[in-house]
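Visitor: I should like to learn how to read the features of a structure in turn. May we begin with a pair of strands?

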Amino acid sequence: MAPPLIELIGATKRFPSGSGSVHTAVRDLSMSVQPGEFVAVVGPTGCGKSTTLSLVSGLQPASAGRVRVNGEDVRSIPDGVGYMFQTDAVMPWRSVLENVASGPRFRGVDKAEARAQAMDWIERVGLGGFEKYYPHQLSGGMRKRVALAQTLVTSPKILLMDEPFSALDVQTRALMQDELLRLWSGSGAAVIFVTHDLDEAIALADKVVVMTASPATVKDVFEIPLERPRAVEELRLTEGFRSIYREIWESLRGEVDKAREKGVGNVA
Amino acid sequence: MSHETVEAPAAEVPVFESEQDILARSRKAVSKRRRNIWLLRVGILIVWLGSWELTATYWIDPFFYSKPSRIWQRLVEWFSDGTDFGSIWSQILITVEEAVIGFAIGAVAGVILGVILGRSAYLADVLAPFIKAANALPRIVLAALFVIWFGLGLSSKVATVVVLVFFAVFFNAFTGAREVDRNLIDNARILGASRGQVLKSIVLPSATSWILSSLHVAFGFALIGAVVGEYTGAKGGLGFLISNAQGTFDTAGVYAGMLIITVVALFAEWGIGTLESRLLRWRPPAAGSSAANAIM
C-alpha cells in the first residue's frame, strides 16, 4: 500500500486553560489519510476536532506524538495544504477577485497570472460576474464559495475543512455539499472534513472517523461504500444511507451523551 | 413575487397608489425635509448673529465683546489690505504648513509604533507605563519648552503638533492592530503569506478603519498645536495674529482669527472624510450613517 499522505501517530495536544490548569484537547490520536481520500471527522461539539486540523496544518505544534504529512514531520505549514475555516476568513477589504488571487500572489505569482487563475476558479465555483463585489455584498453561501475558490486556486493536495458549511441554512448547505463534491472529484486532493453533522459526513466521505468526547481520540472508523458521483439530497433518502447512518449513530451517540452530561456538569 | 402568475381580473383590484406615486411622494418628502433643514439653519444663524449685533450696539460694550459687523469688517480688511504683518494668505499658509507637516510626521510615527506594539504583546507590556504617563502629561505645555529649544520658527510648532497628533493616532493604530481577526491571519498564512505579507495585507487594512477615524480628531489637534505654538511665541501665523490682536485689545481680530481657523479645519475635515470613504469602500454602509456623518 502507498504510504499515507497524512499520518497522526499518538498525537496529543494540551493547552494551558484559563484557570491555571492544562486542558487536553486531543489525546493519543492515531489516524491516516491516503492521497485522494475524503475523510470526515465527526464527534460531539467542542471535543477537539478542530485541534486535529490545526495539528495537520502546522498552525499548532503537537504536545506529544507525531504528525506527518508526505512522510515528513510537520514543523511549519506543509506545502500543498488548503484550509477552510468555520467562520468567514475572506478579507472584507478585498474584492472577490483580489481575495481569490491572494493565495497565488502570496506565493509570488505575478499579478496578471494570479488574476487569470482566480477568474478561472471564480467561474468554476459559480461566481462569474461577481468578481468586483466586496464580501459584505454577498450572501453567506456566496462567501463560502469565495473561500472555496480562494483555497482551491492554490491546488492543494490536502484540503482541511473545519465545519465550513455549519453557518449556512439547510438548503444552501446541501447545495454547497454538492458543489464541493463536484469540485473535489478529479482534483485528487485528500480531504479531512470536520463536522458535527453525521448526515453531512456520510454524504461526502469515503471514511468517517468518530471521535470520543473531550479529550478527543479516535473511537471508530467506518468505510462508506456508497457509489460516486453522489447527489447529496437524494442520497439521504436511500436505504443504504439510512443503514450506515444507524450504524455510525450507535457509535457516536454514546459520546454525544457523555459530552452532554459533562456540559450539564459544567453548568451546574 | 408570485402575484404576477396569479390571473386576476384587473377591475376587481383597486389601485390606490402606483409605483410612480410612491416614488414621487418619497422624493417630495426628501426635498421638503432638506429645504426645511436649511431654512432652520439659516434662521438660527440670523437669530444668533442678529441678537449679538443688537446687544453689542445698544447694551454691552463692543470694545470687549465685539460684534458681527466689526468682525466682518476686520475680515474684509485682512483679505483686501492684508494684516499688519503681511498678507493674510501667508499667515494662513504658515499655520497650515506647520499643522500639515506635524500631522504627517505624528500620524506616520503613531501608525508605525501603534502597529508594532499592537503586534508585539511583550513590547506593549514593557512600554505600557511609559506610554500611559506620556499620555497623561499635559503635552500642550511642551509648546513652551519647544520654543526655547527650537526657536520662534517652524520647527517648534511642528514639534508641538507632532506630540499632540502622535498619541491620538497611536492608540487607535495600537487597538486596530491588536484586534485583528485571528482567523484572517491563519488563513493568510495557510495561503502562503510571509510575516511581512500578513502585516501588509491583513494587519494594516484591518487597522485602517481605526486609524482613519483617529485622523479626524488628530487633525483638529494638529491645528490646536500649531495655533497654541504660535501663541506661545512666533513671527507669523494665525495664532500669532490672534495673540497680537489680544495684545492690542482688538477683540474683532481674535474672532476673525478664530473664524479663519474654523474654516481651515472644516476643509481638512472634508478632505479626511473623502479619503476615508475612498479607503473604506469595502465596508458595508452602516445604518443611520448619514445622520452620524452630518454631525461628525
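Guide: In this predicted model, A:Ile6 has A:Val33 of β2(A) as its bridge partner. Strands of a sheet pair through backbone hydrogen bonds, either parallel or antiparallel. Here strand β1 (residues 6-16) of chain A and strand β2 (residues 22-33) of chain A run antiparallel and share eight bridges. A further pair in this ladder joins A:Arg14 to A:Thr24 of β2(A).

Visitor: How many residues lie between the strands of the hairpin of β1(A) and β2(A)?

Guide: Five residues lie between them, and A:Gly20 adopts a positive phi near 95° in this hairpin.

Visitor: In what order do the strands of the open sheet that holds β2 and β1 of chain A stand?

Guide: The order is β2-β1-β4-β5 in chain A, with antiparallel pairing. The edges are held by β2 and β5 (72-73) of chain A; each has a single partner strand, so one side of each lacks a neighbour in the sheet. Helix α1 (residues 49-57) of chain A packs on this sheet and touches β1, β2 and β4 (64-69) of chain A, its direction making about 115° with that of β1(A).

Visitor: What should I note about the open sheet formed by six strands of chain A?

Guide: As a general idea, the side chains in a regular strand alternate between the two faces of the sheet. The six strands are ordered β6-β7-β8-β3-β9-β10 in chain A, and their pairing is mixed. At its edges are β6 (81-84) and β10 (218-223) of chain A, each paired on one side only. From one strand to the next, the twist averages 15°. An example of parallel pairing is that of strand β3 (residues 38-42) with strand β9 (residues 207-211) of chain A, over four bridges; A:Val42 stands opposite A:Val210 in β9(A).

Visitor: How does one judge the overall form of chain A?

Guide: One compares its radius of gyration with that of a compact globule: for 268 residues the expected value is near 18 Å, and chain A has 19 Å, which agrees. Its C-alpha atoms fill a box of roughly 55 × 45 × 45 Å along the principal axes. The chain contains eight helices and 10 strands, and 41% of its 268 residues are buried. Among the contacts in chain A with a separation of 6 or more, 70% join residues 24 or more positions apart.

Visitor: How many of the residues of helix α2 (residues 96-106) of chain A are buried?

Guide: The count is 10 of 11, so this helix is largely enclosed by the rest of the structure. Among the buried residues of α2(A) are A:Asn99, A:Arg105 and A:Phe106. The buried residues of α2(A) pack against α3 (111-124) and α4 (140-152) of chain A, together with α8 and α9 of chain B. Just after α2(A), A:Gly108 has a positive phi of about 90°.

Visitor: Which elements give two or more residues to the side of chain B that touches chain A?

Guide: In all, 16 residues of chain B contact 19 residues of chain A. The elements in question are α8 (182-190) and α9 (195-232) of chain B, and α8(B) gives the most, with seven residues. By class, this side of chain B has nine nonpolar, five polar and two charged residues.

Visitor: What span should helix α1 (residues 19-58) of chain B have?

Guide: At 1.5 Å a residue, its 40 residues should span 58 Å; the end C-alpha atoms are 58 Å apart, which agrees. This helix, α1(B), is hardly covered, with zero buried residues among its 40.

Terms used:
Residues are numbered from 1 along each chain as its sequence is written. Chains are lettered from A and ligands numbered from 1 in the order in which they are written. This is a predicted model: local features need pLDDT of at least 70, side-chain atom pairs count only at pLDDT 80 or more; totals for chains, interfaces and linings use all residues. The expected span of a helix is 1.5 Å times one less than its number of residues. A residue is buried if 20 or more other C-beta atoms lie within 10 Å of its own, exposed if 12 or fewer, and partly exposed in between; C-beta atoms are placed from the backbone. Two residues are in contact if their C-beta atoms, placed from the backbone, lie within 7 Å. Ala, Val, Leu, Ile, Met, Phe, Trp, Tyr, Cys and Pro count as nonpolar, Asp, Glu, Lys and Arg as charged, and the others, Gly among them, as polar. Two strands pair if DSSP finds at least two bridges between them. The radius of gyration is taken over C-alpha atoms; the globule rule is 2.2 Å times the number of residues to the power 0.38. Axes are lines fitted to C-alpha atoms, for helices over the stretch in contact, and angles run from 0 to 180 degrees between N-to-C directions.
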